[in-house]
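I opened my notebook beside the model and went through it one topic at a time. These are my entries, kept short.

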Amino acid sequence: MAEKPQPIVVQYCQVCGLPAEYCEFGSEFDKCKPWLIQNAPDLYPDLLQANAKEADKVADQLQSTGISSAAAAGSSEPKQEEVKRLPGGKIKKKEKQELVIEKVVRNKRKCITTVKGLDLFGVKLSDASKKLGKKFATGASVVKGPTDKEQIDVQGDISYDIVEFITDTWPDVPETAIFFIEDGKKVPAA
């Protein structure tokens with residue numbers, strides 16, 4: 001008589017919860033690698049080789065790293081952009097501080113001037129919209145743009161007068177950080 005088939009024992013990853021042979025298809029494979037090397041080396045033999053090469057590379061970097069005399073003297077080196085890690089390993093770069101002014105034509109003759117990025121300079125958008133509305137005698141409101149970031153919409157074509165008003169009212173906003181969008185291209189205001 002034939003033997004009864006035995007059930008297969010499945011080893012689940014303690015990091016992501018998937019079966020160990022499916023970890024490479026999960027979103028947290030980088031986090032799973034140390035666990036896989038320790039508990040399931042037969043499933044991913046290439047990880048063992050890659051891990052040895054990576055350890056050699058890190059050791060070489062540590063040996064070659066040292067404080068140069070220029071850095072010790074306090075010379076200014078170019079700063080790297082601040083990088084923020086989000087859950088899931090995504091990297092978010094710090095936004096550039098720039099103010100973008102765009103004129104949108106609607107109904108063939110009515111214009112709306114959109115001001116994006118004023119909040120990056122520490123300006124409260126609701127106060128800014130009130131000041132813009134009073135200065136140019138138009139309606140101005142804070143709205144969410146297509147990227148879910150708040151922006152100021154001002155009725156009318158005030159795109160060139162607004163630059164001087166912004167730099168005078170908020171001295172933290174340099175004129176070099178103000179850009180226009182004309183024909184789909186970003187053009188500096190200065």
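**Entry 1: K103 and its partner.** I looked up K103 to start with, and its relative accessible area of 37% makes it partly exposed. This is a predicted model, so I read each value with that in mind. The side chain of K103 meets that of D157 in a salt bridge, at 3.5 Å from N to O. D157 sits in the loop between β6 and α5 while K103 belongs to strand β3, so the pair ties together parts that are 54 residues apart in sequence. I checked D157 too: with a relative accessible area of 43%, D157 is partly exposed.

**Entry 2: the other salt bridges I followed.** How many salt bridges does the count come to? I get 4 salt bridges. One of them joins K186 and E98, whose closest N and O atoms are 2.6 Å apart. This pair links distant parts of the chain, with K186 in strand β8, E98 in the loop between β2 (91-93) and β3, and the two positions 88 residues apart. K186 is partly exposed, at a relative accessible area of 45%.

Another one is local. K33 forms a salt bridge with D30, and here the closest N and O atoms are 3.5 Å apart. Both residues lie in helix α1 (residues 29-39), 3 residues apart, or about one turn of the helix. I noted their accessibility as well: K33 counts as partly exposed at 28%, and D30 counts as exposed at 60%.

**Entry 3: the two sides of α1.** Which residues of α1 are buried? I find F29, C32, W35 and L36. They cover an arc of only 115° around the axis, which puts them on the same side of α1. I then turned the helix round: the face away from that buried side carries the exposed residues D30, K31, P34 and Q38. D30 is therefore a residue I meet twice, as an exposed position at 60% relative accessibility and as the salt-bridge partner of K33.

**Entry 4: cysteines.** I searched for disulfides, and the structure holds 0 of them. C16 is in no disulfide, and the nearest cysteine sulfur, that of C23, is 3.6 Å away. C16 counts as partly exposed, at 27% relative accessibility. C32 is in no disulfide either; for C32 the nearest cysteine sulfur is that of C16, 3.6 Å away. The cut-off for a disulfide is two cysteine sulfur atoms within 2.5 Å, so neither of these distances qualifies. C32 is buried, with a relative accessible area of 0%.

**Entry 5: the sheet.** Next I traced the strand order. An open sheet of 6 strands runs β5-β6-β4-β3-β7-β8, with mixed pairing. β5 (140-144) and β8 (185-188) stand at the edges with a single partner strand each, so one side of each has no neighbour in the sheet. From one strand to the next, the twist averages 30°.

I looked at both pairings of β7. β3 and β7 pair in the parallel sense over 4 bridges, and within that pairing I see E102 with I181 of β7 as its bridge partner. β7 (residues 178-182) and β8 pair in the antiparallel sense, also over 4 bridges. In that pairing F180 stands opposite V187, and F179 has P188 as its bridge partner.

What do β7 and β8 form together? They form a hairpin with 2 residues between them, and D183 in the turn has a positive phi of about 55°. I add a cross-reference here: β8, one of the edge strands, also holds K186 of the bridge to E98.

**Entry 6: helices on the sheet.** Last, I checked which strands the helices cover. Helix α4 (residues 125-136) lies across β5 and β6 (150-155), running at about 10° to β6. Helix α5 (residues 161-169) lies across β3 (99-106), β4 (110-116) and β7, and runs at about 160° to β7. That brings me back to where I began, since β3 is the strand of K103, and D157 is in the loop between β6 and α5.

How values were computed:
Residues are numbered from 1 along each chain as its sequence is written. This is a predicted model: local features need pLDDT of at least 70, side-chain atom pairs count only at pLDDT 80 or more; totals for chains, interfaces and linings use all residues. Side-chain values use heavy atoms; hydrogens and water are left out. Two strands pair if DSSP finds at least two bridges between them. Axes are lines fitted to C-alpha atoms, for helices over the stretch in contact, and angles run from 0 to 180 degrees between N-to-C directions. Contact means heavy atoms within 4.5 Å. Buried means under 20% relative accessible area, exposed over 50%, partly exposed in between (1.4 Å probe, protein chains only). The arc is that of the directions from the helix axis to the C-beta atoms.
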